[in-house]
Amino acid sequence: MTQKQKLELTWIGKDTRPRLEPRILLQGLERSYHAQHRVTSHDIFDNKLIFGDNLLALKALEQEFAGRIKCIVIDPPYNTGVAFEQYDDGVEHSLWLTLIRDRLEILARLLTPDGSIWVTLDDNEAHYMKVLGDEVFGRGCFIADISWQKRDGPPNDRKIGSIHDHILVWGKSKPGASKKTLAEEAFNLMPRTEKADAQYQTFAEPDGPDQRGAFRKIDTTANGKGGRFVESLFYGVKNPYTGEEVWPRKGTCWRHSKAEMARLQADKRLYWGVNGTATTPMRKLFKTEAKQGMTTPSIWLDTGLNQHASAHMETLFGEKAAFETPKPEQLLSRIIHIATNPGDWVLDSFGGSGTTGAAAHKMGRRWIMVELGEHCHTHIIPRMTKVIDGTDPGGITDATAWKGGGGFRYYRLAPSLLRNDKWGNLVINKEFNAAMLAEAVCKLEGYTYAPSETLYWQHGHSSENSFTYVTTQHLTCEQLTQLNDEVGPGRSLLICCGAFRGKPENYPHLEIKKIPKTVLAKCEWGHDDYSLKIENLPKAPPKPGQQNLFAELEAAP
Ligand SMILES: C[S@@+](CC[C@H](N)C(=O)[O-])C[C@H]1O[C@@H](n2cnc3c(N)ncnc32)[C@H](O)[C@@H]1O
């Protein structure tokens with residue numbers, strides 16, 4: 001969203017962007033979970049569950065996962081107003097847009113070129129989200145607004161009751177001349193239904209049934225009304241059985257050029273009826289030549305309702321209300337089927353009860369989920385544990401013949417690298433040990449953290465010949481000389497240290513920076529939660545005419 005759009009959505013605070021600290025992730029072994037033994041040869045163990053605010057978590061993932069996620073599914077808070085009673089509408093709405101925009105911008109960077117993002121919302125924000133998503137992904141990358149039927153009857157308290165949610169879909173990129181995004185090109189079709197297959201039949205013909213097998217009859221004429229009549233597509237075609245010349249019906253023309261019709265005729269791909277007396281031939285589309293799946297329609301009536309997801313909650317946690325807003329696994333399964341293949345990464349940064357991870361896991365995809373609420377521990381971990389143990393009989397378990405296996409690693413966000421000391425100066429947080437410090441500084445400096453087992457000064461690298469070394473030590477001239485000699489010509493070493501003696505120009509293979517000074521201006525420090533929790537929000541402005549009783553006291557000298 002760097003370029004100014006001619007047409008754009010504006011809101012309070014749109015131009016303010018957080019300067020996010022790229023935190024490191026700390027693995028919690030006690031909360032990670034893996035199957036005791038392999039169930040199949042392709043079990044996946046490197047899934048990630050991250051506890052914390054998703055803006056920081058996405059920033060934390062960016063270095064490793066930029067350009068690697070095939071499918072993002074998010075089911076963010078719908079902004080129904082319930083959580084924001086004390087805010088006037090404009091502020092609430094603006095905050096929601098800012099929350100989503102900041103996350104969307106990082107999410108976009110995580111997608112593969114043929115990746116896609118799927119966002120579920122209701123009428124509260126879906127239409128604003130369409131405009132916002134177009135700003136981030138580009139209007140040409142919009143794929144569809146799918147209507148998902150979520151309940152079987154309208155709510156009684158409305159005259160027109162919504163029974164569907166929107167699922168807005170964008171692809172990451174679209175080559176200039178192409179009609180479709182790379183994502184749509186890569187999408188999987190839906191399996192053919194029996195009803196669709198029933199259209200392909202063996203039809204009687206004067207020369208006997210076509211040996212190429214069952215086919216479907218396709219109209220060869222097009223409606224010529226409304227300026228769509230094409231003169232060159234209006235010509236006579238000879239019926240090979242009757243010898244009669246037939247013409248398109250009044251108001252229509254052929255769909256195909258004269259040459260193409262001749263080719264179809266010569267290849268016996270035109271069907272002239274049981275006795276060969278038809279006056280309008282039909283084109284044969286052989287089952288063997290038809291596409292192997294079906295286009296997905298944009299209205300989904302068969303992917304489970306909210307009540308099915310709640311019933312699944314009951315089987316998992318003993319009560320329906322265990323989690324209030326779960327999505328059915330069937331819905332996630334449809335999205336994941338279309339957008340990914342086994343082994344691809346699927347990301348959900350509003351994890352909730354863990355439906356996306358559960359569906360992805362059962363379908364053999366890799367997954368990352370982020371959840372800020374305590375239900376990360378009370379719901380997602382127990383649910384994924386059951387999935388891994390093969391003891392969750394609900395959702396898509398039968399449809400995928402899921403038997404269990406695989407695992408996930410649990411992570412939490414590291415605290416901020418810098419904190420204020422008692423004099424208000426930013427200093428390295430004492431909670432950081434040497435390894436954490438090295439990893440955090442690597443991340444800030446854009447190096448991949450990969451400590452060498454043999455060379456103490458190789459903590460990370462940015463290329464084959466470019467390394468970094470992080471230490472809080474004060475390095476002497478002798479130490480720097482030794483490091484410079486060890487690094488040697490053809491390689492370079494960035495040293496981030498507490499302090500150093502000597503002139504940098506004496507060490508041609510080293511670049512020397514002091515920490516924390518060198519990272520101070522890189523981002524904002526100590527900001528742990530960018531979520532829309534009420535306590536994190538700025539105070540709502542007083543309503544017009546509403547007296548702020550404390551204003552005078554605050555203003556008093
Ligand atoms: C509508 S629920 C998602 C439900 C989920 N699709 C399911 O099937 O269970 C939205 C979730 O996003 C989480 N959430 C909201 N803001 C968040 C944030 N800033 N970081 C991480 N999670 C957040 C909420 O705690 C909630 O669990």
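Here are a few worked exercises on the predicted model above.

Residues are numbered from 1 along each chain as its sequence is written. Because this is a predicted model, local features need pLDDT of at least 70 and side-chain atom pairs count only at pLDDT 80 or more, while totals for chains, interfaces and linings use all residues.

**Exercise 1. Work out whether the chain is spread out or a compact globule.**

Start with the inventory: the chain has 14 helices and 27 strands (DSSP runs, H or I of at least four residues for helices and E of at least two for strands, numbered from the N terminus). Next, take the radius of gyration, which is 31 Å, well over the 24 Å that the globule rule gives for 557 residues, so the chain is more spread out than a compact globule. (The radius is taken over C-alpha atoms, and the rule is 2.2 Å times the number of residues to the power 0.38.) Finally, look at the spans: the C-alpha trace covers about 100 × 70 × 55 Å along its principal axes.

**Exercise 2. Describe how α9 packs with α10.**

First, find helix α9 at residues 355-362 and helix α10 at residues 375-389. Their angle is about 15°, and their axes are 10 Å apart (axes are lines fitted to C-alpha atoms, for helices over the stretch in contact, and angles run from 0 to 180 degrees between N-to-C directions). α9 and α10 are therefore roughly parallel (under 35 degrees; over 145 is roughly antiparallel, 65 to 115 roughly perpendicular and the rest oblique). Now for the residues: Gly357, Ala358, His361 and Lys362 in α9 meet Ile380, Arg383, Met384 and Val387 in α10 (contact means C-beta atoms, placed from the backbone, within 7 Å). By class, that's 4 nonpolar, 2 polar and 2 charged residues (Ala, Val, Leu, Ile, Met, Phe, Trp, Tyr, Cys and Pro are nonpolar, Asp, Glu, Lys and Arg charged, and the others, Gly among them, polar).

**Exercise 3. Do the same for α8 and α9.**

Helix α8 (residues 329-339) packs with α9 at about 60°, with axes 9 Å apart. α8 and α9 are therefore oblique to each other. On the α8 side, the contact uses Glu329, Leu332, Ser333 and Ile336, and on the α9 side Thr355, Thr356, Ala358, Ala359 and Ala360. Sorted by class, the contact of α8 with α9 has 5 nonpolar, 3 polar and 1 charged.

**Exercise 4. Find the residues closest to the ligand.**

Count the shell first: 17 residues surround the ligand (C-beta atom, placed from the backbone, within 6 Å). The closest are Phe350, Gly352, Thr355, Leu372 and Ser531. The shell splits into 6 nonpolar, 7 polar and 4 charged residues.

Notes: Contact = placed C-beta atoms within 7 Å.
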